[in-house]
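Here are some short exercises for getting to know a new structure. Try each task yourself, then read the worked solution below it.

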Amino acid sequence: MVVVPTYNEVGNIDAVCTQIREVLPEAEVLVVDDGSPDGTAEAVRRLTSRLGRIDVIERTEKQGLGAAYRAGLAAAIERGADICVQMDADLSHDPADLPALVAVVSHGADLCIGSRYVPGGITENWPAWRRWLSRWGNRYAAGVLGLAVNDATAGYRAYSARSLEQMDFATVRAEGYGFQIEMTHRLVRQGGRIVEFPITFRERTSGRSKMSRRIVLEAFALVWRLWLQDRRGRRQRRRRGG
Ligand SMILES: Nc1nc2c(ncn2[C@@H]2O[C@H](COP(=O)(O)OP(=O)(O)OP(=O)(O)O)[C@@H](O)[C@H]2O)c(=O)[nH]1
Ligand SMILES: [Mg+2]
């Protein structure tokens, strides 16, 4: 199941759903919309006459990206999906990469990350400051937490349902990039197998980014919260051992 969170993506949703259906006709698509004032949910419903069934979870107000992922992933598991993909609706994530991400998980990985920071990975049309923030944000998170993952903030991912069930993602609190970091951290700590697949990330051409200073600060603080949590865990284990 492919989970696509949307907020005001009416200019992109047609293309993204059409391309998902083209490359992965066997996948179910679940759009999680937060009452987009531009009528994104309505546009999805119109698409079903051409593309077949596309599910929409409609929430009444904007609750943030993390909340949308939690709802979407929970619904995917409940409906019996064996692989859960999450991707943005703004075409920054190319649906053409879907079969590769899914194949990696069906061959035994717990998580396949569509990564900008492994050889072959590319970021197109981002201003220098966004590249810098993303690259160093990732080095910071991986360095502090010892994650051995190059693109822990990436939002284009495929999870095995098994690994999601194990990690209790309903308690992940972060909303923005922090959500991806916290999910990656949990998976690493539970011994999950993570593979990074190189993608070309393209800046959106339609609609507006919802990235904000608050989301960046949240991710920055989260890394230290997780670091403290790890340290507490190590101490408790040592005390129990001794
Ligand atoms: N349901 C829901 N979707 C959201 C919310 N915020 C963002 N999204 C969607 O999540 C995806 C990623 O959001 P973007 O605004 O592109 O943010 P981003 O990709 O982190 O930032 P950019 O790199 O600047 O595009 C898009 O499909 C958005 O429509 C939200 O509060 N609720
Ligand atoms: Mg985006």
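**Exercise 1.** Find which element holds aspartate 230, and decide whether this residue is buried, partly exposed or exposed.

*Solution.* Start with the place: aspartate 230 sits in helix α8. Bear in mind that this is a predicted model. Next, count neighbours: 15 other C-beta atoms lie within 10 Å of aspartate 230. Buried takes 20 or more and exposed takes 12 or fewer, so aspartate 230, with its 15, comes out as partly exposed. Finally, look across to alanine 27: the two are 203 residues apart in sequence, and their C-alpha atoms are 36 Å apart in space.

**Exercise 2.** Work out how helix α7 and helix α8 are arranged relative to each other, and which residues meet.

*Solution.* First, a reminder: two packed helices are described by the angle between their axes and the distance between those axes. Helix α7 covers residues 177–189 and helix α8 covers residues 213–241; they pack at about 25 degrees, with axes 8 Å apart. Angles under 35 degrees count as roughly parallel, so α7 is roughly parallel to α8.

Now zoom in on the contact. From α7 come Tyr177, Gly178, Ile181, Glu182 and His185. On the α8 side they meet Ile215, Glu218, Ala219, Leu222, Val223 and Leu226. Sort the residues of this contact by type and you get 7 nonpolar, 2 polar and 2 charged.

**Exercise 3.** Say where isoleucine 20 is, whether this residue is buried or exposed, and which residues it touches.

*Solution.* Isoleucine 20 belongs to helix α1, residues 13–23. It has 21 C-beta neighbours inside 10 Å, and therefore counts as buried. Set aside the neighbours within four places in sequence, and isoleucine 20 is in contact with Val2, Ala27, Val29, Pro95 and Leu98. For a longer span, try asparagine 150: its C-alpha is 26 Å from that of isoleucine 20, with their positions 130 residues apart along the chain.

**Exercise 4.** Take asparagine 8 and asparagine 125, and find the sign of phi and the burial of each.

*Solution.* Most residues other than glycine have a negative phi. Asparagine 8, though not a glycine, has a positive phi of about 55 degrees. Asparagine 125 has a positive phi too, near 65 degrees.

Then place them. Asparagine 8 is in the loop between β1 and α1, while asparagine 125 is in the loop between β6 (122–124) and α5 (128–145). Burial comes last: asparagine 8 has 20 C-beta neighbours inside 10 Å and so counts as buried, whereas asparagine 125 has 11 other C-beta atoms within 10 Å and so is exposed.

**Exercise 5.** Describe what surrounds ligand 1.

*Solution.* The shell holds 20 residues, and the closest are Pro5, Ala68, Ala89, Ser209 and Lys210. Among the elements, β1 (2–6), β2 (29–33) and α3 (65–78) each supply at least two shell residues. By type, the shell splits into 7 nonpolar, 5 polar and 8 charged.

**Exercise 6.** Step back and check the overall build of the protein chain.

*Solution.* Count the elements first: 8 helices and 9 strands. For 242 residues, a compact globule would have a radius of gyration near 18 Å; the chain has 18 Å, so the two agree. Along the principal axes, the C-alpha atoms fill a box of roughly 65 × 40 × 35 Å. As for burial, 44% of the 242 residues count as buried. Lastly, of the contacts with a separation of 6 or more, 81% link residues 24 or more positions apart.

Notes
Residues numbered from 1 in each chain as written. Chains lettered and ligands numbered in written order. Predicted model: local features only at pLDDT ≥ 70, side-chain atom pairs only at ≥ 80, totals over all residues. Near = placed C-beta within 6 Å. Helix = DSSP H or I, 4+ residues; strand = E, 2+ residues; numbered from the N terminus. Nonpolar A, V, L, I, M, F, W, Y, C, P; charged D, E, K, R; others polar. Rg over C-alpha atoms; globule rule 2.2 N^0.38 Å. Contact = placed C-beta atoms within 7 Å. Axes fitted to C-alpha atoms, helices over the stretch in contact; angles between N-to-C directions. Parallel < 35°, antiparallel > 145°, perpendicular 65-115°, else oblique.
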